[in-house]
Amino acid sequence: THLPWSEFCKLRNTFKMFDARTLSGTVSLDAFLVVVRERLCMGASAPEKQAAAALEEEVRCIWASICGAQETLSYCEFLAM
């Protein structure tokens, strides 16, 4: 699929956001959970942070629906999603 350069850059930067912790060239479920949790908790009150923590199961379901049992996504797999 051909993407406009700006869209490709957005995808690449999103991958970098998830890979920034390990710099392994892959995105793991654990890294995905950490980044999502951090984004949800930025500037949140204590009750909102508790609600964000409760969303972990939903995030796991989203990962499973997209990635199946696969525990990591390579850069190419991430872009293909």
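In this predicted model, the largest nonpolar core comprises 12 residues: Phe15, Phe18, Val27, Leu29, Phe32, Leu33, Val35, Val59, Trp63, Cys67, Leu73 and Phe78. At least two of these core residues are supplied by each of helix 1 (5–19), helix 2 and helix 4. Helix 2 provides the largest share, with four residues. A grouping of this kind is in line with a general tendency, since nonpolar side chains in soluble globular proteins tend to be buried together. Over the chain as a whole, 22% of the 81 residues are buried.

The packing of helix 2 against helix 4 was examined next. A pair of packed helices is described by the angle between the two axes and by the distance between them. For helix 2 (residues 29–41) and helix 4 (residues 56–67), the axes come within 10 Å and cross at roughly 135°. Helix 2 is therefore oblique to helix 4, because an angle of that value lies outside the ranges counted as roughly parallel (under 35 degrees), roughly perpendicular (65 to 115) and roughly antiparallel (over 145). The crossing of these two helices is right-handed.

On the helix 2 side, the contact is formed by Leu29, Phe32, Leu33, Val36 and Arg37, which meet Glu56, Val59, Arg60 and Trp63 of helix 4. Classified by residue type, this contact contains six nonpolar and three charged residues, and no polar ones. Several of the contact residues also belong to the largest nonpolar core, among them Leu29, Phe32 and Leu33 from helix 2 and Val59 and Trp63 from helix 4.

A local backbone feature is found at Leu23, in the loop that connects helix 1 to strand 1 (26–28). Leu23 is not a glycine, yet its phi is positive, at about 50°. The residue counts as exposed because its relative accessibility is 69%, the cut-off for that class being over 50%. Leu23 is not listed among the residues of the largest nonpolar core.

With regard to the overall arrangement, the secondary structure consists of five helices and two strands. Their order along the sequence follows the pattern α-β-α-α-α-β-α. The C-alpha trace spans about 45 × 30 × 20 Å along its principal axes. Of the contacts between residues at least 6 apart in sequence, 51% join residues at least 24 apart.

Methods
Residues are numbered from 1 along each chain as its sequence is written. This is a predicted model: local features need pLDDT of at least 70, side-chain atom pairs count only at pLDDT 80 or more; totals for chains, interfaces and linings use all residues. Side-chain values use heavy atoms; hydrogens and water are left out. Axes are lines fitted to C-alpha atoms, for helices over the stretch in contact, and angles run from 0 to 180 degrees between N-to-C directions. A crossing is left-handed if the near helix is turned anticlockwise from the far one by less than a right angle, and right-handed if clockwise. Contact means heavy atoms within 4.5 Å. Ala, Val, Leu, Ile, Met, Phe, Trp, Tyr, Cys and Pro count as nonpolar, Asp, Glu, Lys and Arg as charged, and the others, Gly among them, as polar. A nonpolar core is a set of buried Ala, Val, Leu, Ile, Met, Phe, Trp, Tyr and Cys residues joined through side-chain atoms within 4.5 Å. Buried means under 20% relative accessible area, exposed over 50%, partly exposed in between (1.4 Å probe, protein chains only).
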